[in-house]
Amino acid sequence: MSECGGRGGGGSSSSSSSDDAEDEGGGGGGGPAGSGSFSPAPAAASSAGRLRRGLRGASLMARRRPELLCGAVALGCALLVALKFTCSRAKDVIIPAKPPVSFFSSRSPVLDLFQGQLDYAEHVRRDSEVVLLFFYAPWCGQSIAARSEIEQAASQLSDQVLFVAINCWWNQGKCRKQKHFFYFPVIYLYHRSFGPIEYKGPMSAVYIEKFVRRVMKPLLYIPSQSELLDFLSNYEPGVLGYFEFSGSPQPPGYLTFFTSALHSLKKDYLGTVRFGVITNKHLAKLVSLVHSGSVYLHRHFNTSLVFPREAVNYTAENIHKWALENREALLRWLRPHGGKSLLLNNELKKGPALLVFLPFNPLAESHPLIDEITEVALEYNNCHGDQVVEQLLQHLRRADAPLLRPLAPEPPEQLPEPPLITASPCCNTVVLPQWHSVSRTHNVCELCVNQSTGGVRPSSVGMPQCSFFEMAAALDSFYLKEQTFYHVASDSIECSNFLSSYSPFSYYTACCRTINRAVTGFIDSGQSVFETPTITFSSLEKKCEVDPPGSVPHIEENRYLFPEVDVSSTNFTGLSCRTNKTLNIYLLDSNLFWLYAERLGAPSATRVKEFATIVDVKEESHYILDPKQALMKFTLESFIQNFSVLYSPLKRHLIGSDSAQFPSQHLITEVTTDTFWEVVLQKQDVLLLYYAQWCGFCPSLNHVFIQLARLLPSDTFTVARIDVSQNDLPWEFMVDRLPTVLFFPCNRKDRSVKYPEDLPVTLPNLLRFILHHSDPASTPQNLANPPTKECLQSEAVFQQGHISHLEREIQKLRAEISTLQRAQVQVEAQLSSARRDEHRLLRQKQTLEKQHSLLQLHSEQLQTLYEQKTHELEEVARKLQELADASENLLTENTWLKILVATMERKLEGKDGAENLTPHKEAGSGHPNPSGVPRLPGGSPPPSNSSSTLASERSNENRTD
């Protein structure tokens, strides 16, 4: 049986292409009875069968639901396209750099190594005495801007200096691989083997050329005494070296001194320390140099020094370090690089600074304006009257004498000084009337405005600044506070200070004496010079006359009015040691940094870019020299004097908005720094609102002030506001919180009143506040001029006019209120109609929501039914699949049966042939089988209809195939 099984297995190999052997591995046996007579199929055939069944199931599902097939095909195509694009983009991510091109033109005097050949640059550098290397990046905007400046400097120095430009950005060049710069462009200079000396100054042709010339000739040869004085009087620190060249062409120490000058340029690109060489023995003795090789550091005010060769090694680095540590800076140049920097902050924190902007040409041989500024600085810091400094000043003045003669006129003849009059315009002499209480003991008093608690101390170089309001307030307080003066005078005290009732100014001083008629007459005759008639200062006058700010001129404008000011400026010498506001003087090139000057107050449209300003960071203020005055020694000295006195007449420069951008036709007047004096201190009552753009509560007051401006007459009352974040005001008019409301009543501007902080800012409260503080009854009455009946009647008529105006405005408000009430009724009717519509829409909305819920429930039911039917269809499909699998198994069994029947037929045919040859001796025994009928291996006869069965099976097989 095993052999049949083997043959059967062998016979099955001939039909491996059919599906009859799919379940060999899974069935575990063969034959009709499953007796295990057949061997299992290979694992590969089993997996292939499962794959075919899966594909058949997928094809069946695709036939049932073709949309799934379409979706699968579309998804596969999309994945293939995405994979295609992804793979294509992943290739060649890094684009190779384009080959560099020449940065400079072929006709340029600059050697352009645009491929970054650093080795070639080093080669040509060794063959040249002075070389400038310009490292650039082709894309850098600063490099592109500096290209023309480098070409301009090279056109002037190409016969003496080799200019080489190197592209240090190309990735294949040696410069990019060896140099790692963090910024471009970079300029290196080499003087033979010394270097590199990096230039960090302005990228301007004149500055670059000047620096290259300093590297070419770091030492200045001084052959005569005149040139020695020029060298020593320069504002830059100077180092002198004495060397005798008679014995040898290169005396000992000369090369070291030469290298120290190059070291100075390497450490300080501004070149603030100048190095000179003296070869004359007599000139060397003038600066205390005796031995050859000695080095001298000149200082204007401190003791000059000689390099200590015994204590310190004589090396280039030590000489440079010694000069840098002990130098004395008279003037300092400031050159901000334009980016984020603390340069200005660090310098301004040192104290008050005088910033002088002037056009500067580094290549010019002489600078007359800088020489004048140097002279000012020497006189300002010459505290001890040093003879060397005086000699240097004489040397500077000798060149500038023609310029100074017309600016130094002789002072006029001094007027005789009366015993009770001071020349200060902040003091006013008053002859007391007989009714005044103080007149019992004194008949003349001198009133002075004290801008500090210590009182006014007249100065020989300056005067306190005062105005109309200061003197008016002093006179008012003097006449109104007679009881205070009475007690003071009764104690035999002639001068005392007393506090005013309410004023932005601090104290007033009254000095009273008794004099005879002759002196009083002289006072009356001199009143036009030293005082204004007291009637113009009376605060009871109806006119609000305003003295514009700055009515008191500066010292430089009044040398003839105040003869105590010496024109020879002897008081200016050594002023830095006599004041606690010592200035540091800085120079800035206006050709490069005029933007800084404009931000500090310089006019933008000016023909000559010269400007001077004093910045005091500690006091949060700065002052500017009048742009109408020329920048020269005379004006600078006066400017510094005005700043240095105790009560400086300089006006703090106020920065404000442009008044032209605010129209003047609005109800609320917008006040700026320029219009403050004109608007607030004019002939009207002014209510001023202080606000800022960042103040969140300030805009909520706008409607209140608009209503107030509509109520009050514009010809007698002004409602204004000022943005204090954009407009500076004098300190006495500033506030410490926002929003703030100040009321400036007419004729009493010095008695401005602040609106109470705890009172709500409403229209009735503002009206009560204004009426209370603008009431003339609250104004102090002058006992010398009591109001007449006509004055009282006119005042009553004026008040009645105000009352009638307010009544008319109230009637207008009532009419507006009634109109608003009618409008309110209409709005309420519209609102009720809108509410009814809202209720109707709400009901419709609820109905739609119910329908929506029913539709949603029906949709859920349909979804459930759909899922149920889908599940049933899946069950039917599964059963059909099982029937298909059973039919396949039956076909396989039929095939095996056919093979078995054929085998049995062949065996029966062979057995019948053998039986025909044997004798018929067995004919009478048992039940003989019919001839030609085969037997099964089990001994059972085959069925009678075997032939018909075989035929039917073959027909079924054909149909199956």
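**Two mixed sheets, their helices and a set of salt bridges**

In this predicted model, helix α23 (residues 702-711) lies across three strands, β21 (685-691), β22 and β23 (740-744). The direction of α23 makes about 155 degrees with that of β22. The sheet beneath this description is a good place to begin. Five strands build it, in the order β20-β22-β21-β23-β24, and the sheet is open, with mixed pairing. At its edges stand β20 (669-671) and β24 (753-754); each has a single partner strand, so one side of each is left without a neighbour in the sheet. The partner of β20 can be followed residue by residue: β20 and strand β22 (residues 717-723) run parallel and are joined by three bridges. Within this pair, Val671 has Ile722 of β22 as its bridge partner.

A second sheet can be read in the same way. It is open and also has five strands, here in the order β1-β3-β2-β4-β5, with mixed pairing. The edge positions belong to β1 (111-113) and β5 (194-199), each of which pairs on one side only. From one strand to the next, the twist averages 25 degrees. Strand β1 pairs with strand β3 (residues 162-167) in the parallel sense, over three bridges. Opposite Leu113 stands Ile166, a residue of β3. Helix α5 packs on this sheet and touches β1, β2 (130-136), β3 and β4 (186-191). The directions of α5 and β3 make an angle of about 170 degrees.

Helix α5 also introduces the salt bridges. Side chains of opposite charge can pair when their charged atoms come close. By the rule applied here, the protein has 16 salt bridges. One of them joins the side chains of Glu122 and Arg125, with a distance of 3.0 Å from N to O. These two residues are three apart in helix α5 (residues 118-126), which means that about one helical turn separates Glu122 from Arg125. Arg125 has a relative accessibility of 14% and therefore counts as buried, the cut-off being under 20%.

A further salt bridge links Lys633 with Glu637, whose closest N and O atoms are 2.6 Å apart. Here the residues are four apart in helix α21 (residues 633-644), so about one helical turn lies between Lys633 and Glu637. Both Lys633 and Glu637 are buried.

Helix α25 (residues 789-917) holds another pair, Glu875 and Arg878, three residues apart and about one turn of the helix from each other. Their side chains meet in a salt bridge, at 2.6 Å from N to O. How exposed are these two residues? Glu875 has a relative accessible area of 28%, so it is partly exposed. Arg878 counts as partly exposed too, because its relative accessibility is 40%. Some salt bridges share partners, and in this way Glu379, Lys633 and Glu637 are joined into one network.

Helix α8 (residues 205-216) allows a simple check of geometry. Its twelve residues, at 1.5 Å a residue, should span 16 Å, and the C-alpha atoms at its ends are 16 Å apart, so the expected and modelled values agree. How much of α8 is buried? Nine of its twelve residues are, so the helix is largely enclosed by the rest of the structure. Among these buried residues are Ala205, Tyr207, Ile208, Phe211, Val212, Val215 and Met216. The buried set also includes Glu209 and Arg214.

Stepping back to the whole protein, there are 26 helices and 24 strands. Of the 961 residues, 37% are buried. Among contacts with a separation of 6 or more, 72% are between residues 24 or more positions apart.

How confident is the prediction? The mean pLDDT of the protein is 74, and 69% of its residues reach 70 or more. Over residues 400-425 the pLDDT is below 50, and this stretch has 35 contacts in the model beyond near neighbours in sequence. Residues 546-570 likewise have pLDDT below 50, with 49 contacts beyond near neighbours in sequence. Where pLDDT is low, the predicted coordinates should not be read in detail.

Note on methods:
Residues are numbered from 1 along each chain as its sequence is written. This is a predicted model: local features need pLDDT of at least 70, side-chain atom pairs count only at pLDDT 80 or more; totals for chains, interfaces and linings use all residues. Side-chain values use heavy atoms; hydrogens and water are left out. pLDDT is the predictor's confidence in each residue, from 0 to 100. Contact means heavy atoms within 4.5 Å. The expected span of a helix is 1.5 Å times one less than its number of residues. Buried means under 20% relative accessible area, exposed over 50%, partly exposed in between (1.4 Å probe, protein chains only). A salt bridge is a side-chain nitrogen of Lys or Arg within 4 Å of a carboxyl oxygen of Asp or Glu. Two strands pair if DSSP finds at least two bridges between them. Axes are lines fitted to C-alpha atoms, for helices over the stretch in contact, and angles run from 0 to 180 degrees between N-to-C directions.
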